[in-house]
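I opened my notebook on this one with a simple plan: look at where two chains meet, then at one helix. Here is the model I worked from.

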Amino acid sequence: MIEEAEKIFDTRELNVNMGPQHPATHGVLRLVLDIDGETIVKVTPHVGYLHRGIEKLGESLSYFQALPLTDRLDYVSAMSNNIGYCVAVEKLFGIEAPERAKFIRTIVGEMSRISNHLLWLATHALDIGAMTVFIYCFREREWILDLYEMICGARLTVTYPRVGGVRNDVPQEFLDSLWKFTDEFPSRILEYETLIDQNRIWLQRTVGIGVISAEEAVNWGMTGPTLRGSGVPYDIRKHMPYDAYDKVDFEVPIGTTGDTYDRYRCRMLEMRQSNNILRQLIEKLPAGPIMADAPKFLLQPKDMMMPITHPTKELAYVIEEKACKGCGMCLRACPAKAIFGEKKQPHVIKQDLCLQCGNCFVTCKFKALKLIPGGKGMSEEQLKELAAGPMPEEITKAAEYMVKHFEFVKKGPKVPEGELYVATEVPKGELGFYFVSDGSGKPFRMRLRSPSFIHAGVLPRLCKGHLIADVIANIGTIDIVLGECDR
Amino acid sequence: MIDTSAMGLIQVEKDVKILPPNIIITSFDKIINWGRLSSMWPTTFGLACCAIEMMAAGAAHNDLDRFGIIFRGSPRQADCVIVAGTVTKKMAPVVRRVYDQIPEPRYVIAMGSCACTGGVFRTYSTVQGCDSFLPVDVYVPGCPPRPETLLEGLMMLQEKIRNEKARWSPWR
Amino acid sequence: MAVTEVRITIHPAGTDPVQIAEKIKELFPEQVIEVVNFRDQVSVIIKKDMVFAILKYLHDEPLFSFDHLQDLTAVDYLKKKDVRFEVVYNLYSMKYRHQIRIRAQVADDKPSISTVVPIWEGANWHERECYDMFGIRFNGHPDPRRILMPEDWEGYPLRKDYPLKGPELENDWIGFREVLKRSQELKEFEWEG
């Protein structure tokens, strides 16, 4: 009985839960620590508290509609995820973005790299105890977020890189402000380094913590600065260049010992390299179009629909009595419930409820809908008269284009069948997109290989034998973001 | 109402009178509500992307500290919870548990579209709005909402607290 | 402790992936079903019986040296193909810069395949996710548990016959139903005014 009692009351190993709600776990990561005194014996990470089903959701949306979902993956550097997605889908379609668009995408990609490393430094230092660095890094980050807002209107979840190019062109003041940023940024990095680089406390907390050798790191599937800190020269920007990375000259920092301090130094030097890349890109930016010319695969600009969609045209939608068969399709399609009519009787649109959205026009198979320019405000009889006659030619052309556009957005383009794996270098590592296409406009399988998922799996290996405080340093150094880890 | 102007009382605003130089006469409601709204301490509950904008609201550019808002780590020392980000079904018990641990009076701000109504993610694992299991006071929509929007949400919560009646009393 | 900035010398691109596929066909002739080439990326479709041996050969062979397992995932081809699942391995060699994809077909009836954790440690969590999302068991895996969904979730979400919006409220995960019940019970203590 004494043995039984000893087994039940075994007090050597303690089981502690670092729960999903914790100021230092960078999101909702749950760690169950088995500790012996203060030393860690085993760490079991539990992820999945932010699993939103993005892969399954992507299967029910078309390629263009699934693009905003990728913003929410690694929400700290949203531009990089979008670029990864666009590069993969462009390769699948077989189209190529124009030069200017590639350069602009590389510019925003490098800006997002700087923004990500700033946030990494802020939270890593805050967890270890250096709180001033948090405030300093956010000051720089606000500048970058203001620049994002200047080009596309959003700070965090931008959807600026599009399949085939970018959404809109960059204004000149953006480039001027970015040039000024690259002038001042090296001195700011020096500020951060002065605070922590040779600081005794920082060195004691990071040197020799979380050491992993090069072969082991590759075997565990690590990528990005987390891998390069161990001495492996793997950078997708050099191995498999995409966008404009083969046109700029930059070096890649490689560490030697593979501990937390080396990974920290790698990322600081990477920020300087990104600054350098930005300067080269701004100087070399070519002129030209910003969207690829591939009418089979891409949405065409909406200028063709201007005769219909421009608000000053004051269009009225009228149903021609003779042509209307009374099938009721437009009645069901109208979002404002402005169409009235019995079955098999000609339907009527009530003009004051009509939103001029065009849903009825694209649904009608009998071409009974007519668009009258300048028709807003006319009486019912006048409209009926005009509807009986032919539509002006520009309206007919624009209306045909509208039907084609509608079908394209609803069903997606006709994509060749096949499968594809494309990887890009996001600030955290290697983000891979694996698409399986079955010929329709929606991906049959959209798989996201996220670096944070793999790195969170390496945590047990890194934390073994260290103290509880080192767990915090290790979480910071592998740079995970739970939105990407759980998808 | 008693006419108090003859006694030298000055009315500053409704129900707040000052007897110069240093005696203030007001109701319990006003003073307790003023104390609560001026030092609202949220517990850190950043789940997803909205957490980054919450951190940006707390950083130097838009400072939350000037409103008396300090982020506390433990729910036992906090006043309110800002649910920032998507709530998944796996996380829902944890959110409810943290909310239950906050001592009264407590408030909930649902920040971001995902916390308000589930957002973009209409899937098998996302809760369609955290108000299915939490009593929400203020909804701050946006994806993510700008720091200024979150500030406006906090101002609205302050207004709500200002107009509360007798929440401190045992007769409510 | 020194971190240096290095100009990476890129090894000229290694063996053409088509040749690698031919070599695999030569060594394991009855296992290879098809070789597909799409946009310069080669996939080798194999049966699942000797997948461990083939991948170990690709990892150990000095001329190929596929040391980086980029991705391990599964695809559900419900009704589109005869064999329902395919487990896909994306491999890359950091030394020679060549890439190849291995697709192992797994039948629907009690889907299982052998694990590759002894070759690449990083496959551990990938395989757990495959099990969680598709229900494919990995024989010999050190920790076969669900990873993204709660431990007692029923169903495999990424299968094609699983609804996107998930189960109805009555059949939903027990943990979530308990939270809703508890919040209903505690509603009487909430402040109304």
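I began with a salt bridge, in which the side chains of A:R447 and C:D71 meet at 2.8 Å, N to O. The term means a side-chain nitrogen of Lys or Arg within 4 Å of a carboxyl oxygen of Asp or Glu. Between chain A and chain C I found a count of 7 salt bridges.

A note on the source: this is a predicted model, where local features need pLDDT of at least 70, side-chain atom pairs count only at pLDDT 80 or more, and totals for chains, interfaces and linings use all residues. Residues are numbered from 1 along each chain as its sequence is written, chains are lettered from A in the order in which they are written, and side-chain values use heavy atoms, with hydrogens and water left out.

Next I looked up the extent of the contact (heavy atoms within 4.5 Å). Chain A brings 66 residues to it and chain C brings 52 residues. Together they bury about 5100 Å², with 57% of that on carbon and sulfur atoms; buried area is the accessible area (1.4 Å probe) that two parts lose on being put together, summed over both. On the chain A side, A:K56, A:E419 and A:Y421 lose the most area to chain C, together 14% of what that side buries.

Last, I turned to helix α1 of chain C, residues 17-27, and listed its buried residues (under 20% relative accessible area, 1.4 Å probe, protein chains only). They are C:P17, C:I20, C:A21 and C:I24. Because they cover an arc of only 100° around the axis (taken from the directions from the helix axis to the C-beta atoms), they lie on the same side of α1(C). Helices here are DSSP runs (H or I, at least four residues), as are strands (E, at least two), numbered from the N terminus. The cover over these residues includes β2 (32-38), β3 (41-47), α2 (51-60) and β6 (99-106) of chain C.

Definitions and conventions: Buried means under 20% relative accessible area, exposed over 50%, partly exposed in between (1.4 Å probe, protein chains only).
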